[in-house]
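Biologist: I have a protein-DNA model open and would like to learn how to read it. Could you take me through it, one feature at a time?

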Protein chains: 2
Amino acid sequence: MKYQKIKPFIKHSNSRNYKRGEIIYAQDSLPTSLYFIESGTVGLFHNSSNGKEVFLRVFGKGSIFGHRSYFANSPYHANSMALGNTSIIIISNEECQRICKEHPELLMEMVSQLAVDLGQAELRLAGVHDKTVAQRVSESLVFLKLRYPDQVWTRKEIADFSVTTFESVARVMTLLAENNIIQKNGRDFIINDLEKLINFNI
Amino acid sequence: MKYQKIKPFIKHSNSRNYKRGEIIYAQDSLPTSLYFIESGTVGLFHNSSNGKEVFLRVFGKGSIFGHRSYFANSPYHANSMALGNTSIIIISNEECQRICKEHPELLMEMVSQLAVDLGQAELRLAGVHDKTVAQRVSESLVFLKLRYPDQVWTRKEIADFSVTTFESVARVMTLLAENNIIQKNGRDFIINDLEKLINFNI
DNA sequence: CGTTAGTTTGAGGCAGATCAACTTTGGTGG
DNA sequence: CCACCAAAGTTGATCTGCCTCAAACTAACG
């Protein structure tokens with residue numbers, strides 16, 4: 001969901017800056033606001049009791065986040081964390097309610113966004129069952145690199161996004177590099193053959 | 001999302017009956033309507049190219065379904081299938097659009113529902129990573145039996161809901177029965193100890 | 001240039017999938 | 001109402017993809 005559509009209607013808001021690794025809101029806490037990214041990137045990470053982490057969604061410049069829990073009216077099911085220097089605009093509950101009431105056309109926008117996200121989440125769920133780790137990692141590389149070309153993703157982040165371990169990501173990436181499908185560049189990488197990367201397996 | 005909230009606004013609709021196993025709409029086809037369950041139960045099953053199936057959501061009497069793809073404006077990502085004799089009311093696209101326009105308060109209802117469903121889908125995604133098959137199967141038994149006590153779920157359906165195989169479900173259920181946590185009753189089962197079932201592992 | 005966080009690679013183990021053979025269930029039609 | 005049979009379930013044996021643990025290496029930042 002894009003900030004630009006809502007921006008004209010906002011009368012009051014606060015702004016805050018975060019550095020890489022800082023938590024913007026914490027899993028299990030209650031939502032009180034909506035968040036917008038003025039600049040930077042934010043990741044949504046679910047942490048389970050046994051220490052495993054899953055990277056649920058990424059938000060870039062101009063995106064709204066924190067809306068799922070806000071509208072579900074339930075505690076956050078994940079931490080939101082800055083993935084670099086990030087500037088966030090915070091809209092209070094009162095302001096959100098006013099805007100929703102005065103501009104119902106934005107609700108349809110929100111319905112549409114959530115419907116798309118639900119579809120993606122369910123396809124990822126199915127993907128864990130029917131795709132190999134190599135396939136999931138390859139797809140994650142495509143998604144993360146094309147959507148956020150300036151972000152240097154760690155193996156851990158790619159692993160959490162692919163629902164696997166960072167060792168498995170390292171192995172797949174070594175294999176991809178050996179086949180010239182990607183090219184490692186320090187901790188970063190570039191995609192040499194997008195077609196092969198999309199269809200990679202074993 | 002409950003039919004009762006929308007029912008008063010519907011002027012035109014069609015009705016159709018389905019028997020167990022019949023497909024109501026097919027994965028990859030385009031949504032043209034919204035569906036309501038007058039009686040019966042409907043399952044949403046994603047099928048992947050390699051033949052694996054994942055049971056994404058269940059809908060009971062009074063529920064709306066087909067709304068995710070409808071509002072995402074994208075092809076269905078799963079088959080919807082009658083899980084028993086089921087009577088469905090079909091609302092055309094034109095009728096949906098009219099109702100959405102005339103009754104924006106329903107949109108907030110839809111936002112809320114989708115936000116809850118997205119949270120559940122993402123927690124299931126995380127669960128595949130951080131829970132054992134025994135835990136996932138136990139949770140599925142709790143959910144499916146408490147929510148739909150009259151439905152006799154096959155091992156395959158429970159497996160697809162738990163993102164595992166029917167053999168694994170059979171093994172877990174045998175173990176649960178040996179510990180008197182559940183009791184098998186033909187193909188059905190009853191829950192003897194809900195607390196232990198919720199927290200079951202290994 | 002030292003330190004720390006991140007990465008690579010190997011070896012080994014195991015949870016759960018797969019394959020296979022057999023049993024049970026419950027609906028159907030004679 | 002019972003006999004039949006296809007569909008569903010059970011159970012054992014085996015296999016394997018991926019995780020885990022470990023150890024050495026390297027990039028990046030102050």
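Modeller: Happily; we will go through the two copies, then the strands, then the DNA. Keep in mind that this is a predicted model.

Biologist: Let me begin with the two protein chains. By what turn and what shift can chain B be laid on chain A?

Modeller: A turn of 180° and a shift of 0.0 Å along the axis lay chain B on chain A, with an RMSD of 0.0 Å. The two copies are therefore related as by a two-fold rotation axis. The same surface serves both copies, since 100% of the contact residues of chain B recur in chain A.

Biologist: Now the strands, please. What holds the strands of a sheet together?

Modeller: In general, strands of a sheet pair through backbone hydrogen bonds, either parallel or antiparallel. For the case here, take chain A, where four strands form an open sheet in the order 1-8-3-6 with antiparallel pairing. Its edge strands are strand 1 (14-18) and strand 6 (64-65) of chain A, each of which pairs on one side only.

Biologist: How many bridges join strand 1 of chain A to strand 8 of chain A?

Modeller: Five, and strand 1 runs antiparallel to strand 8 (residues 86-92) of chain A. To find the register on your screen, look for Y18(A), whose bridge partner in strand 8 of chain A is T86(A).

Biologist: Can we turn to chain B and look at its strand 8 there? Is strand 8 of chain B largely enclosed or open, and why?

Modeller: Six of the seven residues of strand 8 (residues 86-92) of chain B are buried, so this strand is largely enclosed by the rest of the structure. Now consider its pairing. Strand 1 (residues 14-18) of chain B is joined to strand 8 of chain B by five bridges and runs antiparallel to it; here N17(B) stands opposite S87(B). Strand 3 (residues 33-39) of chain B also pairs with strand 8 of chain B in the antiparallel sense, over six bridges. In that pairing, F36(B) has I89(B) as its bridge partner.

Biologist: What should I keep in mind about side chains when I follow a strand?

Modeller: In a regular strand the side chains alternate between the two faces of the sheet. With that idea in hand, have a look at another strand. Strand 4 (residues 42-47) of chain A is mostly covered, with five of its six residues buried.

Biologist: Which strands pair with strand 4 of chain A?

Modeller: One is strand 5 (residues 53-59) of chain A, antiparallel over six bridges, with R57(A) as the bridge partner of L44(A). Another is strand 7 (residues 79-82) of chain A, antiparallel over four bridges, where G43(A) stands opposite M81(A). Strands 4 and 5 of chain A also form a hairpin with five residues between the strands, in which G51(A) takes a positive phi near 90°.

Biologist: On to the DNA. Which residues come nearest to DNA strand C?

Modeller: Of the 19 residues around DNA strand C, the nearest are R155(A), T174(A), K184(A), T164(B) and S168(B). Sugar and phosphate make up 66% of the DNA strand C atoms that come within 4 Å of the protein. By class, the surface near DNA strand C has three nonpolar, seven polar and nine charged residues. Helix 6 (166-178) of chain A and helix 6 (166-178) of chain B each supply at least two residues of this surface, and helix 6 of chain A gives the largest share, five residues.

Biologist: Where do polar side-chain atoms lie relative to DNA strand C?

Modeller: Let us sort some examples by the part of the DNA involved. At a base, R171(A) has a polar side-chain atom 3.0 Å from a nitrogen of DNA strand C, and R171(B) has one 2.9 Å from a base oxygen of DNA strand C. At the backbone, a polar side-chain atom of T164(B) lies 2.9 Å from a phosphate oxygen of DNA strand C.

Biologist: And which residues come nearest to DNA strand D?

Modeller: T164(A), S168(A), R171(A), R155(B) and K184(B) come nearest, out of 18 residues around DNA strand D. Sugar and phosphate account for 65% of the DNA strand D atoms within 4 Å of the protein. The largest share of the surface near DNA strand D, five residues, comes from helix 6 of chain B. For a contact through the protein backbone, see V133(A), with a backbone N or O atom 3.0 Å from a phosphate oxygen of DNA strand D.

Note on methods: Residues are numbered from 1 along each chain as its sequence is written. Chains are lettered from A and ligands numbered from 1 in the order in which they are written. This is a predicted model: local features need pLDDT of at least 70, side-chain atom pairs count only at pLDDT 80 or more; totals for chains, interfaces and linings use all residues. Side-chain values use heavy atoms; hydrogens and water are left out. Buried means under 20% relative accessible area, exposed over 50%, partly exposed in between (1.4 Å probe, protein chains only). Two strands pair if DSSP finds at least two bridges between them. A residue is near a molecule or strand if one of its heavy atoms lies within 4 Å of it. A polar contact is a pair of N or O atoms within 3.5 Å; within protein, one must be able to donate a hydrogen and the other to accept it, and residues adjacent in sequence count only if both atoms are side-chain atoms. Ala, Val, Leu, Ile, Met, Phe, Trp, Tyr, Cys and Pro count as nonpolar, Asp, Glu, Lys and Arg as charged, and the others, Gly among them, as polar. Copies are superposed by least squares on the C-alpha atoms of residues with pLDDT of at least 70 in both. Contact means heavy atoms within 4.5 Å.
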